[in-house]
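Colleague: Please take one part of this chain and examine it closely for a student in the first year. I should like a connected account that explains each term as it arises.

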Amino acid sequence: MADGVTGDLADGAADRVTGGAAGPGRMAAPDGSGPLAVVTGAGSGIGAAIATELAGRGYVVVPTDIDEVAAQRTAERCGSPGSERMDVTDAASVADALGAVVARHGTPEVFVCNAGISRMRRFLDVSPAELEATLAVNLRGVFLSGQAAARAMVDAGRGGCIVNVASMAGKQGRVPFLADYVASKFGVVGLTQAMAFELAEHGIRVNSVCPGYVVTPMQDRELVWEAELKGSTVGAVRQLYVDDTPLRRLETPEDVARVVAFLAGPDAAFLTGESVAVNGGAFMD
Ligand SMILES: NC(=O)c1ccc[n+]([C@@H]2O[C@H](COP(=O)([O-])OP(=O)(O)OC[C@H]3O[C@@H](n4cnc5c(N)ncnc54)[C@H](O)[C@@H]3O)[C@@H](O)[C@H]2O)c1
């Protein structure tokens, strides 16, 4: 049945989907001539760790962020050839940044849609503007930047790999004070499947990671909000996060970054449309 499995794919795409040498997930070279990876929201937290992890595995990494100073800081840490300012909510900004990457460094083989925001509010108190702001970055941003990256990959005809950063809150809504965020991340999980389904014929794999309680500036802000909303303390809320995690510690950005690197690499050559839980067991599905 092997012929039947790959028989409907576009010319040459079968090799790419199954991890052919020139396709997505090819092994990164250790000499700095490796495949090109672009990461959004790479100026901080998980995005910076993903950029660093990929660079350590031989990828040439171009960090992007709405904060260009932060993106450049990550670029220096990664030995990158450059960084770009990219606001993922703005189609023109995405097109400009990606156009500059392609012109200067070539077409990315790996694109990580990581940029995201959160703001804790009771569901009853979330304003329309706050809802729009969250959806704009977390869902529209993944859609626009992933679409632009996929178009570039299709034009180049070499396949590729897209990894979206969703969340444990993209698979369960039993999360306090984050209704707009939950809605956005459930959207990312569904979008990941739709992208994977449509882009498979081009040899492009699309997967997500669903992190849990990750120690980043986003978590620092959430600890303060949640403590305020519950009339508790930051320390007590942090302990709740640990207690909710069977592996009994908070997650590090590197825990997430290593799984992103796996999804981008050749060991995941037959994996697409999945949203992989990386949360120490805090939510199992
Ligand atoms: N920290 C956690 O516990 C956790 C858990 C699950 C999922 N996540 C997800 O991981 C991703 C990274 O989160 P983090 O914890 O590293 O947050 P962070 O706040 O530390 O970093 C987010 C980065 O995104 C950038 N950004 C914000 N808006 C942007 C925009 N419009 N365009 C481009 N860049 C923009 C910020 O400048 C910042 O550098 C997010 O998608 C978040 O939802 C985080």
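Modeller: I begin with Ala-148, which, leaving aside its neighbours within four places in sequence, is in contact with Val-94, Ala-95 and Leu-98; two residues are in contact if their C-beta atoms, placed from the backbone, lie within 7 Å. The model is predicted: local features need pLDDT of at least 70 and side-chain atom pairs count only at pLDDT 80 or more, while totals for chains, interfaces and linings use all residues. Residues are numbered from 1 along each chain as its sequence is written.

Ala-148 is found in helix α6. Helices (H or I, at least four residues) and strands (E, at least two) are DSSP runs, numbered from the N terminus. The C-alpha atom of Ala-148 is separated by 9.3 Å from that of Gly-99, although the two residues are 49 apart along the chain. Is Ala-148 buried or exposed? Ala-148 is partly exposed, because 19 other C-beta atoms lie within 10 Å; a residue is buried if 20 or more other C-beta atoms lie within 10 Å of its own, exposed if 12 or fewer, and partly exposed in between, with C-beta atoms placed from the backbone.

Helix α6 (128–156) also leads to the ligand, for α6, α3 (45–56) and α8 (217–230) each supply at least two residues of the shell around the ligand. Of the 31 residues around the ligand, Gly-41, Gly-45, Gly-116, Thr-216 and Met-218 come nearest; a residue is near a molecule or strand if its C-beta atom, placed from the backbone, lies within 6 Å of it. The shell lies between domain 1 (2–212 + 253–277) and domain 2 (214–250), because both give residues to it; these bounds come from an automatic or database domain assignment.

Helix α3 can be followed further. It has twelve residues and reaches 17 Å from its first C-alpha to its last, close to the 16 Å expected at 1.5 Å a residue; the expected span is 1.5 Å times one less than the number of residues. Eleven of the twelve residues of α3 are buried, among them Gly-45, Ile-50 and Leu-54. After α3 comes Gly-58, whose phi is positive, near 100°.

Ile-50 is also one of the residues with the most contacts inside the largest nonpolar core, which has 72 residues. Such a core is a set of buried Ala, Val, Leu, Ile, Met, Phe, Trp, Tyr and Cys residues joined through C-beta atoms within 7 Å.
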